[in-house]
Amino acid sequence: MKSTLGAQALFVSITLTTLTGCSMTDTKDSDSPPSAGTSTSRQAAQTVKKVSSELYDLIGIKGEASNSGAGVSDCGGKDPDKYFSVFHPWSFTPASPEKLSSVMEKLKEELPKHGWKVVEYGPDTSKNKNVRLTADNEAKKHSVKIWHYAKRNPPKLSLMVVSGCYQVPDGEKIDRF
């Protein structure tokens, strides 16, 4: 179990760096995550879960989403007592697996209509060539990475939604969860 938790922590760390470090930025330094404003970590977690809920609605087919919670992470290179980002990993398993095959193409078309910019789309480098989509929403200061695991049993989508960098309000502390 310890190695599973370590692997999950590494995965989250790499994913957060990948998502917030490449394209979702409002600064001149493209390696810095964008500012998402001021918030408590609990409020930011509610926001990232709302963004996940909107993405769930865009999937548009019946199925079941995992019931995972949001988490808090440091904001690369910024004071960890003042700055944080939130992430929400979850998965979607369709009621009818055959309907999942067209979802990624649909998301690629629909996300831009809802303020998202698709910055990466296509097969990954695994032997299964899982389809991967990365999109940023500048207005919401969130990014999402979606993987379609067509060859898993059952087939499913895995999603990682990540916020930009929040600053905790004066007099507040970051609640880490």
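A strand, as I use the word in this notebook, is a DSSP run of E of at least two residues, and strands are numbered from the N terminus. With that in hand I looked up histidine 148, and I found this residue in strand β7. I also note at the outset that I am reading a predicted model.

**Entry 1: histidine 148**

Is histidine 148 buried or exposed? Its relative accessibility is 7%, and since buried means under 20%, histidine 148 counts as buried. I then listed what surrounds this residue, leaving aside neighbours within four places in sequence, and found that histidine 148 is in contact with Leu100, Ser101, Met104, Asn130, Val131, Lys156 and Leu157.

**Entry 2: the whole chain**

I stepped back to the full chain, which has three helices and nine strands, and I wrote down their order along the sequence as α-β-α-β-β-β-α-β-β-β-β-β. Of the 177 residues in the protein chain, 40% are buried. I also looked at how far apart in sequence the contacting residues are: among contacts with a separation of 6 or more, 61% join residues 24 or more positions apart. The accessible surface of the chain comes to about 9700 Å², and carbon and sulfur atoms account for 50% of that surface.

**Entry 3: helix α2**

I checked the length of helix α2, which runs over residues 41–59. Its 19 residues should span 27 Å at 1.5 Å a residue, and because the C-alpha atoms at its ends are 27 Å apart, the expected and computed values agree.

Which residues of α2 are buried? I found Ser41, Ala44, Ala45, Val48, Val51, Ser52, Leu55, Leu58 and Ile59 on that list. These residues cover an arc of only 130° around the axis, so they lie on the same side of α2. The spacing on the list made me recall a general rule: an α-helix has 3.6 residues a turn, so residues three or four places apart point the same way.

On the face of α2 turned away from this buried side, I noted the exposed residues Gln46, Lys50 and Asp57. The cover over the buried residues of α2 includes β3, β4, α3, β7, β8 and β9. Just after the helix, I saw that glycine 60 takes a positive phi of about 75°.

**Entry 4: helix α3**

I turned next to α3, residues 103–110, where the buried residues are Val103, Met104 and Leu107. They cover an arc of only 100° around the axis, which puts them on the same side of α3. I asked what these buried residues pack against, and the elements I found are α2, β5, β6, β7 and β8. Met104 was already in my notes, as one of the contacts of histidine 148.

**Entry 5: the disulfide**

How many disulfides does the structure hold? I found one, formed by cysteine 75 and cysteine 165, whose sulfur atoms are 2.0 Å apart. Cysteine 75 lies in the loop between β3 and β4, while cysteine 165 lies in strand β9, so the pair ties together parts that are 90 residues apart in sequence. I reminded myself that a disulfide is a covalent bond between the sulfur atoms of two cysteines. Both ends are buried, as cysteine 75 has a relative accessibility of 3% and cysteine 165 one of 2%.

**Entry 6: aspartate 74**

I then looked at aspartate 74, which lies in the loop between β3 (71–73) and β4 (83–94). At 44% relative accessibility, aspartate 74 counts as partly exposed. Not counting residues up to four places away in sequence, aspartate 74 touches Pro80, Ser85 and Arg176. I followed up the last of these, and found that the side chains of aspartate 74 and arginine 176 make a polar contact at 3.1 Å. These two residues are 102 residues apart in sequence, and their C-alpha atoms are 9.6 Å apart in space.

**Entry 7: asparagine 137**

My last stop was asparagine 137, found in strand β6, residues 131–137. With a relative accessible area of 2%, asparagine 137 is buried. Which backbone nitrogens does the side chain of asparagine 137 reach? I found that of alanine 139 at 3.2 Å, and that of lysine 140, which lies 2.9 Å from a polar atom of the side chain. Leaving aside neighbours within four places in sequence, I recorded that asparagine 137 is in contact with His114, Gly115, Trp116 and His142.

Definitions and conventions:
Residues are numbered from 1 along each chain as its sequence is written. This is a predicted model: local features need pLDDT of at least 70, side-chain atom pairs count only at pLDDT 80 or more; totals for chains, interfaces and linings use all residues. Side-chain values use heavy atoms; hydrogens and water are left out. Helices (H or I, at least four residues) and strands (E, at least two) are DSSP runs, numbered from the N terminus. Buried means under 20% relative accessible area, exposed over 50%, partly exposed in between (1.4 Å probe, protein chains only). Contact means heavy atoms within 4.5 Å. A polar contact is a pair of N or O atoms within 3.5 Å; within protein, one must be able to donate a hydrogen and the other to accept it, and residues adjacent in sequence count only if both atoms are side-chain atoms. A disulfide is a pair of cysteine sulfur atoms within 2.5 Å. Accessible areas come from the Shrake-Rupley method with a 1.4 Å probe; for residues, only the protein chains shown count as cover. The expected span of a helix is 1.5 Å times one less than its number of residues. The arc is that of the directions from the helix axis to the C-beta atoms.
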